[in-house]
Amino acid sequence: MVGGGDPYFRETNVVELARHLHGLGIRQIDGEVKVVPPFRLLGQPDALASARRLTELLRDPQQPYPVALGGSGSTLEELPAELHCLVSYTSPPLGSLLQMLNSNIDRAMAAALLAELGGPRALVEYLRRRLVTEPAAQLDPALLPSEAEIRLEGQELHLSPRALAHLWQHLLAAPYENPARILPVAVLGHSPLQLRTLPPGTVAQVGSAPNRLMMLGQLPDGTYFVLLNHGPDLGSLRQHQDQFLHQLLPVGKSLGV
């Protein structure tokens, strides 16, 4: 298995691989599974652990296309000189990966994707460049955040409300155009928003830390919002945010927003 860094290689992909091997008449492999990093199964950053888990899944008699294997799985640092590709797999587009990540709060996938992009410090540098140094043309220069408003504290990313507002504007200016392509939508699908009582059709991203609750997004009438609340009771803060957005929706309609 030659990895390409895909953070969303899952059990279903392993079953599809086994099905393809069966289609080629391969039911038994005398040697062991070897993977070439970067290969991540279920977001696991350890290539050896991924190889061993891949071996377990392929030989699992409960899956529809079990393959008998020798060994427990190992890694290779370089490709063999003679290599014949039996099957290839293409990762979903980045936009689809972001939508899956945001809809399911898949922390393992988020960590794997962040590692591929250079880690937390690279993310901070990118955000500072796009929101402070090279902001989108439609952003008001007088309201630009400072670099200090985009920072790491330990491994936690901290953005000020002003930085979050500009991040939302950056999303609108990005090639996706419609943030609903990468962010959860209230009352649609399975996402953390299903635990909230937001107006149906609200597009939003939520985040929390001790004593802090953040949400940014867009109401069904097109009104943009950034909410950052502080307090020890996050459940109560969620209720207050939801109530506020329900109250804000008719105000936006009356103003023609």
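Two strands count as a pair if DSSP finds at least two bridges between them. Keep that in mind for the close-ups below, which come from a predicted model.

**View 1. Strands β7 and β8 pair up and make a hairpin.** Here β7 covers residues 203–209 and β8 covers residues 212–218. They run antiparallel, and seven bridges join them. Want a spot to start looking? Find Val 203, which sits across from Gln 218 in β8. Then move to the turn, where two residues lie between the strands. One to look for there is Asn 211, whose phi is positive, at about 65°.

**View 2. Another hairpin is built from β5 and β6.** This time the strands are residues 150–153 for β5 and residues 156–159 for β6. Four bridges hold the antiparallel pair together. Glu 153 faces Glu 156 of β6, so you can use these two glutamates to get your bearings. Two residues separate the strands, and Gly 154 has a positive phi near 70°.

**View 3. Glu 77 sits out in a loop.** The loop in question links β4 (74–75) to α3 (94–104). Glu 77 has a relative accessible area of 69%, and it counts as exposed because the cut-off for that is over 50%. Look for Pro 37 as well: it is 40 residues away from Glu 77 along the chain, yet the C-alpha atoms of the two are separated by 7.0 Å.

**View 4. Val 2, Leu 79 and Leu 83 make a nonpolar patch on the surface.** The patch comes to about 290 Å². Leu 83 belongs to the loop between β4 and α3. With 54% relative accessibility, Leu 83 is classed as exposed.

**View 5. This close-up shows the second largest pocket, with a volume of about 990 Å³.** Its lining is made by 35 residues, and the ones closest to the centre are Met 1, Val 2, Leu 17, Lys 34 and Val 87. Two elements give two or more residues to that lining: α1 (11–23) and α2 (47–59). Of the elements, α1 gives the most to the lining of this pocket, with five residues. You may recognise Val 2 from the previous view, as Val 2 is also part of the nonpolar surface patch with Leu 79 and Leu 83.

Notes: Residues are numbered from 1 along each chain as its sequence is written. This is a predicted model: local features need pLDDT of at least 70, side-chain atom pairs count only at pLDDT 80 or more; totals for chains, interfaces and linings use all residues. Side-chain values use heavy atoms; hydrogens and water are left out. Buried means under 20% relative accessible area, exposed over 50%, partly exposed in between (1.4 Å probe, protein chains only). Patches are made of residues with over 30% relative accessible area and no salt bridge: like charges are joined within 9 Å, nonpolar side chains (Val, Leu, Ile, Met, Phe, Trp, Tyr) within 5 Å. Accessible areas come from the Shrake-Rupley method with a 1.4 Å probe; for residues, only the protein chains shown count as cover. A salt bridge is a side-chain nitrogen of Lys or Arg within 4 Å of a carboxyl oxygen of Asp or Glu. On a 1 Å grid over the protein atoms alone, a cavity is a set of points where a 1.4 Å probe fits but cannot get out, and a pocket is an open set with protein on both sides within 12 Å along at least five of seven lines; lining residues have an atom within 4 Å of a point. Grid points are joined across faces, edges and corners, and a volume is the space filled by probe spheres set on the points.
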